[in-house]
Amino acid sequence: MPAPPPPPPNSFTHTETGKQIVFVTNNSTKSRADYKKKLESMGIPCKVLTPNPPSQDEVFGSSYSAAIYISRILALPSPKNKIFVLGEAGIEAELRSESLAYIGGSDPLLRRDITPADYAGIASGEMLDPDVGVVLCGLDFHINYLKLSLGYHYLQRGALFLATNTDSTLPAAGTFFPGAGATTAAALSAMVEGRKPVALGKPSQAMMEAIEGKFRFERARTCMVGDRLDTDIKFGIEGELGGTLAVLTGVARREEWEGEGRDIVPAAFVDRLGDLMG
């Protein structure tokens with residue numbers, strides 16, 4: 001396998017700074033392994049846990065956070081411990097990493113229009129798996145009425161309601177598109193009155209506790225760096241980290257925190273990460 005390209009001149013890495021870096025993402029469509037490939041394609045060294053040779057993870061995504069929460073915190077008893085997934089292959093990969101059984105997700109049989117037979121089968125329960133105990137919502141690029149109907153009826157039958165994240169938008173191609181919080185999770189929340197999903201991505205402190213438990217870092221000596229106030233910076237503030245740094249190459253804009261009475265204010269900001277290099 002060819003070596004990854006060297007870091008670009010205006011980047012910094014843990015080896016150059018002597019600092020531990022953890023890449024924390026709310027995007028549930030990619031697994032840790034996917035993010036390793038993405039980061040290395042940008043010239044950013046990154047480790048993901050592998051059995052041979054052993055290495056320390058440096059990526060912690062919302063899909064992995066959800067898998068850890070389900071397997072180690074909920075630890076639902078068999079047989080009612082299967083997960084119905086509204087999301088992409090990244091969620092499935094992380095559920096498999098924790099040996100969790102799931103249905104839905106990227107199943108091609110669910111990428112179609114609903115039929116009269118589906119209505120009847122869902123209503124009678126014949127199309128529902130009795131072992132489903134969790135509905136897990138993430139960003140699903142193939143969301144449709146059939147998937148939402150199945151998720152709704154699992155919730156109606158007592159399944160737990162979880163979300164990898166509740167981001168309203170997804171940045172892509174220099175603009176914004178609907179995120180998980182505006183699609184799968186929002187649609188089911190609207191249908192199931194009075195129920196909101198337990199969110200397992202930023203700014204949820206359940207995610208912070210999971211990261212702290214894994215990496216054993218000191219909060220007072222840790223800085224959260226991100227480009228979004230309502231997820232990244234709020235995550236660091238509510239987690240009582242030593243600092244928060246907003247980067248203006250993404251979602252955040254200075255006018256969002258400047259002035260009196262702002263709820264979320266970063267400790268510092270830079271126009272781009274390269275500015276830290278002087």
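This report describes two sheets, one hairpin and one buried residue in a predicted model.

## The five-stranded sheet

One open sheet contains five strands in the order S4-S3-S5-S6-S9, and their pairing is parallel. Its edges are formed by strand S4 (102-104) and strand S9 (198-199), each of which pairs on one side only. Helix H3, spanning residues 62-74, packs on this sheet and touches strand S3 (82-86), S5, S6 and S9. The direction of helix H3 makes about 145° with that of S6.

Within the sheet, strand S5 (residues 132-137) and strand S6 (residues 160-163) run parallel and are joined by four bridges. Across this pair, Val134 stands opposite Leu160 in S6. As a general point, strands of a sheet pair through backbone hydrogen bonds, in either the parallel or the antiparallel sense.

## The three-stranded sheet

A further open sheet consists of three strands, ordered S10-S11-S12, with parallel pairing. Strand S10 (223-226) and strand S12 (268-270) are its edge strands, each pairing on one side only. From one strand to the next, the twist averages 20°.

Strand S11, which covers residues 243-247, pairs with S12 in the parallel sense over three bridges. Here Leu245 stands opposite Ala268 in S12. Helix H9 (residues 229-238) packs on the sheet, where it touches S10 and S11. The direction of helix H9 makes about 170° with that of S10.

## The hairpin of S7 and S8

Strands S7 and S8 form a hairpin, with two residues between them. Strand S7 comprises residues 169-172 and strand S8 residues 175-178; the two run antiparallel and are joined by four bridges. Thr169 has Pro178 in S8 as its bridge partner. In the turn, Ala173 has a positive phi of about 55°.

## The loop residue Asn144

Asn144 is found in the loop between S5 and helix H6 (145-156). Strand S5 is also a member of the five-stranded sheet, in the order S4-S3-S5-S6-S9. Asn144 counts as buried because its relative accessibility is 15%, and the term applies to values under 20%.

When neighbours within four places in sequence are left aside, Asn144 is in contact with Leu110, Arg111 and Arg112. As to Leu110, its backbone oxygen lies 2.8 Å from a polar atom of the Asn144 side chain.

Terms used
Residues numbered from 1 in each chain as written. Predicted model: local features only at pLDDT ≥ 70, side-chain atom pairs only at ≥ 80, totals over all residues. Heavy atoms only, no water. Pairing = 2+ DSSP bridges. Axes fitted to C-alpha atoms, helices over the stretch in contact; angles between N-to-C directions. Contact = heavy atoms within 4.5 Å. Buried < 20%, exposed > 50% of the residue type's maximum accessible area, 1.4 Å probe, protein only. Polar contact = N/O pair within 3.5 Å; in protein donor to acceptor, adjacent residues only side chain to side chain.
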